[in-house]
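Got the viewer open? Let's walk through it one selection at a time.

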Amino acid sequence: MIDRLGQVQIDSVNVLARAHYLPAFSRLGAYDTAAFDRLAAGPKRRVFEYWGHEAALIDVELQPALRWRMPAHDLEHVVATALANWLDHADSHAANLQPDLDASDYVAIARSARRLAASVRDGEPEARHDAIRALVTRVDVGDDTVTIAMRWAPIVDAEHPLADATATIVTPASRVRRGDDIRLVIGGADPTANRDPRLVDLSVEARLAYQHLLTSTAPSLDEVAAEHGHSRKHFSRLLRLATLAPDIVAAILDGRQPAHMSRTALLVTADVPVAWGEQRAALGCAAG
């Protein structure tokens, strides 16, 4: 079935059964739903959760075709972070929409929203996903923002004036290429969350190459590079990167590097200036 359909939409609606169990039942008849669950678990899983046109379980063979967008966990992190932050102030949002509610209503909204925020932020994976699916109706990824459409219904009672209300959350985020992958970088988030391990490794490699040059007794750069296990060309590039300004190196280690900076971009930039001020200008880094 997965081979034929490619994906199965996930929905929190549970009348007969969870929505993603029904396509298989309509095609195969009665079956063990635990077997379906196993398709999405473990190292040999057949499907993975991702935002297609909606939240869906998608054939793993389609994953490479979606890599131009971003890893699903990046998008989930952006949505969960923005949603939890919004829920932390749900009583204020309610007051803007319905300023005439009783004080007790705002207190009840705050309590309900905090419980949902805890599930979204720190809950077990199943509880976290259920809370997000219940709240979120649509996610749109733009060039520099993620827009989340959500509903109030899970926060308030069915008879509440806000039960049918909706809200929109817009959070800054940009798609950045990191090697072969596209990462979603969150504006205003913890900067260490944007640390690029490949860039950090490159900084370490550059310093080790420089230290090897200082201690080697080989008579030529070709031989020094060979001792270090590199070609002369690659070793020379590492030596140039070993002269990066301390504030640029610190930015890489802290995850504060410019969004366009990647390991590949630095290695192919053969003309990295020696002067620190010129380096900052060439690489788009603010002065430290």
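**Stop one: a pair within one helix**

Start by selecting arginine 133: with a relative accessible area of 17%, it is buried (that label means under 20% relative accessible area, while exposed means over 50% and partly exposed is in between, using a 1.4 Å probe and protein chains only). Before you go on, know that this is a predicted model, where local features need pLDDT of at least 70, side-chain atom pairs count only at pLDDT 80 or more, and totals for chains, interfaces and linings use all residues. Residues are numbered from 1 along each chain as its sequence is written, and side-chain values use heavy atoms, with hydrogens and water left out.

Now add aspartate 130, which is partly exposed at 28% relative accessibility. It forms a salt bridge with arginine 133, with 3.4 Å between the closest N and O atoms (a salt bridge is a side-chain nitrogen of Lys or Arg within 4 Å of a carboxyl oxygen of Asp or Glu). Both residues sit in helix H8 (residues 125-135), three residues apart, or about one turn of the helix. Helices here are DSSP runs of H or I with at least four residues, strands are E runs of at least two, and both are numbered from the N terminus.

**Stop two: pairs that reach further**

How many salt bridges does a search of the whole structure find? Seven. For another one, select arginine 121 and aspartate 88, whose closest N and O atoms are 2.8 Å apart. Arginine 121 belongs to helix H7 (residues 103-122) and aspartate 88 to the loop between helix H5 (72-87) and helix H6 (90-97), so this pair ties together parts 33 residues apart in sequence.

Next, pick arginine 263 and glutamate 205, a salt bridge with its closest N and O atoms 3.1 Å apart. The arginine is in helix H13 (residues 263-268) and the glutamate in helix H9 (residues 197-215), so parts 58 residues apart in sequence are tied together. Arginine 263 is buried at 16% relative accessibility, whereas glutamate 205 is partly exposed at 24%.

**Stop three: the core**

Select Leu87, Trp152 and Ile155: among the 35 residues of the largest nonpolar core, these touch the most other members. Such a core is a set of buried Ala, Val, Leu, Ile, Met, Phe, Trp, Tyr and Cys residues joined through side-chain atoms within 4.5 Å. H5 gives the most to this core, nine residues.

Which residues does leucine 87 contact, leaving aside neighbours within four places in sequence? Look for Ala113, Leu116, Ala117, Val120, Leu135 and Ile155, where contact means heavy atoms within 4.5 Å.
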